[in-house]
Amino acid sequence: MDRISLLLTLCALLLTGCGLGGDARYQAGYAARLAGDDDRAFAHYQEAARSNDYPEAQYRVAEMFLAGRGTSQDTGQAISWFRQVAESRDPVWSPQAHRQLGLIYRGDHGRAYLDRPAAAEQFRLCAEQGETACTRLLVLLTPPSLQVSSASVEASPPGQAAVDLYARRAPSVYKIVVYAQLDAGLEPTSVGSAIAIDPYRAITSYHLLQAGGIPVSIDRRNDNEYVREADVQQWQVVKVDPRRDLALLVLDDPGRQLSFTNTIKPYERVRVGEKVFAIGAPAGLEKTLTEGIVSALRTENGVRLVQTTAPISYGSSGGALFDAEGRLLGITTKGVQAWGNFNFAVAMDEVQAFLAE
Amino acid sequence: MDRISLLLTLCALLLTGCGLGGDARYQAGYAARLAGDDDRAFAHYQEAARSNDYPEAQYRVAEMFLAGRGTSQDTGQAISWFRQVAESRDPVWSPQAHRQLGLIYRGDHGRAYLDRPAAAEQFRLCAEQGETACTRLLVLLTPPSLQVSSASVEASPPGQAAVDLYARRAPSVYKIVVYAQLDAGLEPTSVGSAIAIDPYRAITSYHLLQAGGIPVSIDRRNDNEYVREADVQQWQVVKVDPRRDLALLVLDDPGRQLSFTNTIKPYERVRVGEKVFAIGAPAGLEKTLTEGIVSALRTENGVRLVQTTAPISYGSSGGALFDAEGRLLGITTKGVQAWGNFNFAVAMDEVQAFLAE
Amino acid sequence: MDRISLLLTLCALLLTGCGLGGDARYQAGYAARLAGDDDRAFAHYQEAARSNDYPEAQYRVAEMFLAGRGTSQDTGQAISWFRQVAESRDPVWSPQAHRQLGLIYRGDHGRAYLDRPAAAEQFRLCAEQGETACTRLLVLLTPPSLQVSSASVEASPPGQAAVDLYARRAPSVYKIVVYAQLDAGLEPTSVGSAIAIDPYRAITSYHLLQAGGIPVSIDRRNDNEYVREADVQQWQVVKVDPRRDLALLVLDDPGRQLSFTNTIKPYERVRVGEKVFAIGAPAGLEKTLTEGIVSALRTENGVRLVQTTAPISYGSSGGALFDAEGRLLGITTKGVQAWGNFNFAVAMDEVQAFLAE
């Protein structure tokens, strides 16, 4: 009881502070909800919603129909109310309603309402109103698409190619540490790399995730050796392919966009002897650039592989192999345990097939 | 007795089938020989041979004099009869007789008749009649010859050199597996490489053969992972040089020609810092191309060595080190067991000395 | 007694042989000194010294004042006498006197007379009279100075750069073996490299010297595998920096000048992706050239490091990392113990800071 009083007080302060105020019925609903009385909250919200010019209340009603809180679950009613809010052109609630409709059509609330084109349309309308989270949802609705790119006309002067490529491509390669719950708490269990292929998703090696755990990347905003919580990004594993040793990750943080590379060179155009560059975190050494040539083109268990002399090591797994023009040739996956540099990358055609499956 | 009857029947069928037929005395000789009665066979053959227009019988007589079967051994008589066949211009037996005369003069039947120029002449006459086995015998009569080549005028555009070199040179490098008779049967005991230097012969590293065994290469005619018997080539070890770690191999199969590289760059023209390419089977990875530079020129136990950063590993032994123009610089032999790429190739001057010895 | 007689005889022979002769009092002093009678030697020398035209005697007097032999120690008197000899313009003794004055002002005989500019002046006057040992003393009076050099205008044709760089830079990189007194006598305890940065001094890695011992380099004057005593050079450790893993060495032999490299590229101009060359003695392989690129720029414990793919190994420590134009980028220090080439060099800015401290 004490806790609820405190919340109500806080809530009152907040409402005043944020200058919301206004509709007394809406506020009564809000107070009831905070007090845990969903039925009363729904009743108040519904009353407030009926006055057409109060989209926030309508949005709450839609939410409660969707969740079945304070009323029976009714996705049809939720859609109907969200539609009304969406059309309201209210700068705050209209994009949110489009987002909610997009999530319903994406299938988040049951396959009965699944309709991908409708979802895309809703996310697009939301994004058009400046909601970047909807841009992300729109992008995530379809698999990442890789572009086959032909050679650029202009070449860097000798000695400059690698410098330019690193400046251009290093930002799209991330060092990944997988944390798992061990006896001593969350502990790093493997280290590798990931190459971002659109603003929200990255490819990595399946074997890094094989034993479970949460993939995390660290993006220091300062030069300190000290890592702050805001520098740590969590990733979700969307799908995996053990045979091809591939996994698709999506960045958890909806407010963040990745540097990415989505131009590729298909396997059939890769030539033994051509110059390549690898970027990854061999032995944990973040954003390490190495160079070499294509040593051979091989197929192992039906998976097309590019063999290369570019040095990689544990920690390079999931990193990127580029051609001299910065196009993705493959995902660095493993080395042969022999003296020298005999390393392999999964061809981008395999990545394309994996994404299309 | 039953078996002989069967053979005679088979033989009659064969003769009919092949449309040989004709001379009854020759057939009687053939039957006697199959029946194991060499004396009677010789007598029949000799009778048939006397009619000058029957070279096949003359050839058999010559063979029997050479082997001392059905008559006393008499190489002089054999030569005399082979001569007659050779001059007969019979499209089948004349080249065979030239071949036999070549083998006699090569010394295969005693040093008394050894006469290399005469052997070369006979193989040449045989080869001129379209017998490819004689081309091979003629080539094998003299040691492989390596050509010192000066630099080509036209250079590949940067980035293209390695691609071109691989396309041109990879076919002349073979992966070698040495099989030895162990308790469990024929088992692979070492893996390495060999560089073909003429259509029938290749250089490899002595240390691969040190423990004995049969060197074998596999040339898949199809893309299957399954290897068929026809894909497997056996090699004979012609000579070895433990000090230089070199061995000369000749391909067993007389009907097969090798892709080869016989242009070399002499040691005195090799420069520390120049670009090099290695092709071999490091860790068994067939036709792997690696690149690097010449790190140093050294002499060890009187053997001239080219030190290089081009990655090699076990399995690269016996492979080829090329300069940027595809000339042989050395035979990759070993690496130093330290982190990084510190590898050695035996200079081609040592190969020349080995071949000339 | 017998031994002294022998010495006197020898001395007489020597004097005659060298054509010194002349002043009988000087000779008496010399004989007394050899006989171990410093007091009498000093008295004779002093008498001879008073005749102004006998600088050798004056020099001896100065020496004996400096050492306090045959008279009481008196650096002031020594300076006074050395001055007189220095001004004598005697071709043999004048430069020696300048050298002695330089050593006194350098602080070798107590801080009371320490005066670096005066020492430099004396060494300069000595060197001007053709005494190369004084050139060395003059150079050693100040820390080695490294020159920041901008890029040269003309570039080598592709493929030639490494060849030229090696020819130009390999002579300034020395293989160092550290010998320590073990039970079995003087034994090599570590092997590494050193890069000469002026005619008498070189930089190496501190960790090679960490356990003590005498650093030695071998410079074979002939192609024999046999090393002669004259081929062995000893080095003194002048100062060390464990944090930066650096040490400054000076060559013991005053009559020898080193090939050296003193042009550097500062850390801030080094770019990830640029071509680099390492020269050192990986695994003891003297003057081994390797190439690679800059993989990353890192700071570890406040020390700026250049990460590179150029292969190095134990024995490369203390060697040189050059850019494509032969400027020093760093002192190769260590590799990461992982498959492939992930190596580090201490940036030249750290070397400059170390020298300036």
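**Exercise 1. How many residue pairs are in polar contact across the interface of chain C and chain A?**

Some ground rules before the solution. This is a predicted model, where local features need pLDDT of at least 70, side-chain atom pairs count only at pLDDT 80 or more, and totals for chains, interfaces and linings use all residues. Residues are numbered from 1 along each chain as its sequence is written, chains are lettered from A and ligands numbered from 1 in the order in which they are written, and side-chain values use heavy atoms, with hydrogens and water left out.

*Solution.*

Step 1. Look for N or O atoms paired within 3.5 Å; within protein, one must be able to donate a hydrogen and the other to accept it, and residues adjacent in sequence count only if both atoms are side-chain atoms. Between chain C and chain A, that rule turns up five residue pairs, with both residues at pLDDT 80 or more.

Step 2. Ask which element does the touching. On the side of chain C that meets chain A, strand β10 (residues 288-300) of chain C gives the most, with seven residues. Strands here are DSSP runs (E, at least two residues), numbered from the N terminus.

Step 3. Sort that side of chain C by residue type: nine nonpolar, nine polar and four charged. Gly is counted among the polar ones.

**Exercise 2. Describe the contact of chain B with chain C.**

*Solution.*

Step 1. Take contact as heavy atoms within 4.5 Å. Chain B then puts in 22 residues and chain C 22 residues.

Step 2. Get the buried area, which is the accessible area (1.4 Å probe) that two parts lose on being put together, summed over both. For chain B and chain C this comes to about 1600 Å², with 60% from carbon and sulfur atoms.

Step 3. Check for salt bridges (a side-chain nitrogen of Lys or Arg within 4 Å of a carboxyl oxygen of Asp or Glu). You'll find zero of them between chain B and chain C.

Step 4. Count polar contacts across this interface: six residue pairs, both residues at pLDDT 80 or more. Strand β10 (residues 288-300) of chain B supplies the largest share of the side of chain B that touches chain C, seven residues.

**Exercise 3. Work out how chain C and chain A are related.**

*Solution.*

Step 1. Superpose the copies by least squares on the C-alpha atoms of residues with pLDDT of at least 70 in both. A turn of 120 degrees and a shift of 0.0 Å along the axis lay chain C on chain A with an RMSD of 0.2 Å.

Step 2. Read off the symmetry: the two copies are therefore related as by a three-fold rotation axis.

Step 3. Find what sits nearest that axis in chain C: the C-alpha of C:Gly340, 3.6 Å from it.

Step 4. Compare the surfaces. The copies use different ones, as 14% of the contact residues of chain C recur in chain A.

Note on methods: Helices (H or I, at least four residues) and strands (E, at least two) are DSSP runs, numbered from the N terminus.
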